[in-house]
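Here is a short set of exercises to work through with the model open beside you. Try each task before reading its solution.

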Amino acid sequence: MINIAVLVSGEGSNLQALIDACRNGSINGKIVTVVSNQSDAYALQRAHDVGIENRTFLRSNYANNRLMDCAVADYLEQRQVDLIVLAGYMKILTEGFVQRFAGKILNIHPSLLPKYPGLDTYRRAMEAGDREHGTTVHFVNETVDGGAIVLQAKVPIFSDDQQTDVVDRVKAQERQIYPLVVAWFCDGRLCLHSDKAYLDNQPLAADGYAAE
């Protein structure tokens, strides 16, 4: 069984979806730890409530980002983690961390990458007059939000929408597609090779898997 670590910074809705999927057997893996860079993240309480080990690593306790990431990486290796799932982890990972776990880090980003990497994706999409937005699950590489795309989900933006309306639609999709992609990885169906995502030994398109 695959050992999973989930890295979080906030409320943890995607973490909860992953916990639920592991518990109902949709994911053939076990969340062995939840790690946060914020001591007040509600996601830590979610982990505690179901008996999952959790740890906090604060940037203020380390001289620089590299040393913090080294400490996190050492801890994850001690827990024999096979897959790292970023679920709202609001910290840019250092190059050394990414290289240490190459092909074993997944992230979910609230935009249809390569559109709108970085922050404020909802505001940017709505200010640009976009008629759709969405979310992307991708492998992590050294470029922020630049790794190989695995799966995307689109939602409409209506003319009378508030930003919260779009956020709610995107988050609903995230809770569906993230557990699915993690399940693919845990079942050995999904992998990264030469910075390209493969599903069932077939290379995925630049914008990820698309069901017919």
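**Exercise 1. The annotated histidine**

Is H109 buried or exposed? Work out its setting as well.

*Solution.* Keep in mind that the model is predicted.

Step 1: Begin with the annotation. UniProt, in an unreviewed entry, places the feature "active site" at H109.

Step 2: Find the residue in the fold. H109 belongs to strand β5, which covers residues 105–109.

Step 3: Apply the accessibility cut-off. Buried means under 20% relative accessible area. H109 has 4% relative accessibility, so it counts as buried.

Step 4: List what surrounds the residue. Beyond its neighbours within four places in sequence, H109 touches Y116, P117, G118, T121, G134, T135, T136, H138, D145 and E174.

**Exercise 2. A helix under cover**

How many of the eleven residues of helix α1 are buried? Find what covers them, too.

*Solution.* Step 1: Count along the helix. Helix α1 spans residues 13–23, and eight of its eleven residues are buried, so the helix is largely enclosed by the rest of the structure.

Step 2: Name the residues. The buried ones in α1 are S13, N14, L15, A17, L18, I19, A21 and C22.

Step 3: Recall the helix geometry. An α-helix has 3.6 residues a turn, so residues three or four places apart point the same way.

Step 4: Look for the cover. The elements over the buried residues of α1 include the strands β1 (2–8), β2 (29–36), β4 (83–86) and β5, along with the helices α2 (42–49) and α6 (163–186).

Step 5: Follow the chain onward. Just after α1, G25 adopts a positive phi of about 90°.

**Exercise 3. Where two domains meet**

Which residues of domain 1 lose the most area to domain 2? Set out the domains before you answer.

*Solution.* Step 1: Mark the bounds. The domain assignment gives domain 1 as 1–101 and domain 2 as 107–136 + 149–211.

Step 2: Place them relative to each other. Taken over C-alpha atoms, the centres of domain 1 and domain 2 are separated by 20 Å. Domain 1 brings 17 residues to the contact, and domain 2 brings twelve residues.

Step 3: Turn to the area. Between them, domain 1 and domain 2 bury about 1,200 Å², with 70% of it on carbon and sulfur atoms. On the domain 1 side, N14, L83 and L86 lose the most area, together 35% of what that side buries.

Step 4: Check for charged pairs. There are zero salt bridges between domain 1 and domain 2.

**Exercise 4. Reading the salt bridges**

What does the total count of salt bridges come to? Then examine three of them.

*Solution.* Step 1: Take the total. The count comes to eleven salt bridges.

Step 2: Start with D74 and R100. Their closest N and O atoms are 2.5 Å apart. D74 sits in helix α3 (residues 65–78) and R100 in helix α4 (residues 95–100), so this pair ties together parts that are 26 residues apart in sequence. D74 is partly exposed at 35% relative accessibility, and R100 is partly exposed at 34%. A network of salt bridges links D74, E77 and R100.

Step 3: Move on to D130 and K115. The closest N and O atoms of this salt bridge are 3.2 Å apart. D130 is in the loop between α5 (121–127) and β6 (132–139), while K115 is in the loop between β5 and α5, and the two are 15 residues apart. D130 is buried at 12% relative accessible area, whereas K115 is partly exposed at 43%.

Step 4: Finish with K154 and E132. Their side chains form a salt bridge of 3.8 Å, N to O. K154 lies in strand β7 (residues 149–156) and E132 in strand β6, so the pair connects parts that are 22 residues apart in sequence. K154 is exposed at 54%, and E132 is partly exposed at 37%.

**Exercise 5. A sheet of three strands**

Which strands stand at the edges of the open sheet β8-β9-β10?

*Solution.* Step 1: Read the order. The three strands of this open sheet run β8-β9-β10, with antiparallel pairing.

Step 2: Count partners. β8 (190–193) and β10 (202–203) each have a single partner strand and stand at the edges, so one side of each is left without a neighbour in the sheet.

Step 3: Inspect one pairing. Strand β9 (residues 196–199) is joined to β10 by two bridges. Y198 has P203 as its bridge partner in β10.

Notes:
Residues numbered from 1 in each chain as written. Predicted model: local features only at pLDDT ≥ 70, side-chain atom pairs only at ≥ 80, totals over all residues. Heavy atoms only, no water. UniProt positions renumbered as here; feature names shortened; annotations may be inferred. Helix = DSSP H or I, 4+ residues; strand = E, 2+ residues; numbered from the N terminus. Buried < 20%, exposed > 50% of the residue type's maximum accessible area, 1.4 Å probe, protein only. Contact = heavy atoms within 4.5 Å. Pairing = 2+ DSSP bridges. Domains from an automatic or database assignment. Buried area = accessible area lost by both parts, 1.4 Å probe. Salt bridge = Lys/Arg side-chain N within 4 Å of Asp/Glu carboxyl O.
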